[in-house]
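Please read the following report with the sequence and the 3D view side by side.

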Amino acid sequence: MSVVIKKFENSYLLETMNIWNEVIDEGIAFPQLNKLNETEADAFFKEQTYTGIAVDTERNAVLGMYILHPNNVGRCGHIANASYAVNSKARGLHIGEKLVSDCLEKARDNGFAIM
């Protein structure tokens, strides 16, 4: 399996949304109570400072994703916050580790001082 982390693209909307919604359904990691529909997911992923996806290039399948954004506004705008989600079938394959490493780079690239 060859995995690359890249910027979210609309062609991966459904797969990315399904991974996010799977974590919501599990009810232990994200605060949301309701799953995203396609319209909400599209807006949500695009409104982040950066949304990254882990793609298995051999299968062209999304295995995981993250969102990166400011922790807060004003004096806290230099602090980054992120959320990560990995497809339950891909857990244990170090996808999360790859997502976190990429996210740290993207945080710096987007002017965040700390995370």
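What radius of gyration does the protein chain have, and what would a compact globule with 115 residues have? The protein chain has 14 Å, which agrees with the value near 13 Å of a compact globule with 115 residues; this radius is taken over C-alpha atoms, and the globule rule is 2.2 Å times the number of residues to the power 0.38.

This is a predicted model, in which local features need pLDDT of at least 70 and side-chain atom pairs count only at pLDDT 80 or more, while totals for chains, interfaces and linings use all residues. Residues are numbered from 1 along each chain as its sequence is written, and side-chain values use heavy atoms, with hydrogens and water left out.

Three helices and four strands occur in the protein chain, and from the N terminus on they follow the order β-α-α-β-β-β-α; helices (H or I, at least four residues) and strands (E, at least two) are DSSP runs.

| Property of the protein chain | Value |
|---|---|
| Span of the C-alpha trace along its principal axes | about 40 × 30 × 25 Å |
| Exposed area (Shrake-Rupley method, 1.4 Å probe) | about 6600 Å² |

Of the exposed area, carbon and sulfur atoms supply 49%. Buried residues, meaning those under 20% relative accessible area (1.4 Å probe, protein chains only), make up 40% of the 115 residues. Among contacts (heavy atoms within 4.5 Å) between residues at least 6 apart in sequence, 58% join residues at least 24 apart.

Seven aromatic pairs are found in the whole structure, where rings of Phe, Tyr and Trp (its six-membered ring) pair if their centres lie within 6.5 Å. One aromatic cluster is formed by F8, W20, F30, F44 and F45.

Note on methods. Buried means under 20% relative accessible area, exposed over 50%, partly exposed in between (1.4 Å probe, protein chains only). Rings of Phe, Tyr and Trp (its six-membered ring) pair if their centres lie within 6.5 Å; planes under 30 degrees apart count as stacked, over 60 as edge-to-face and the rest as tilted.
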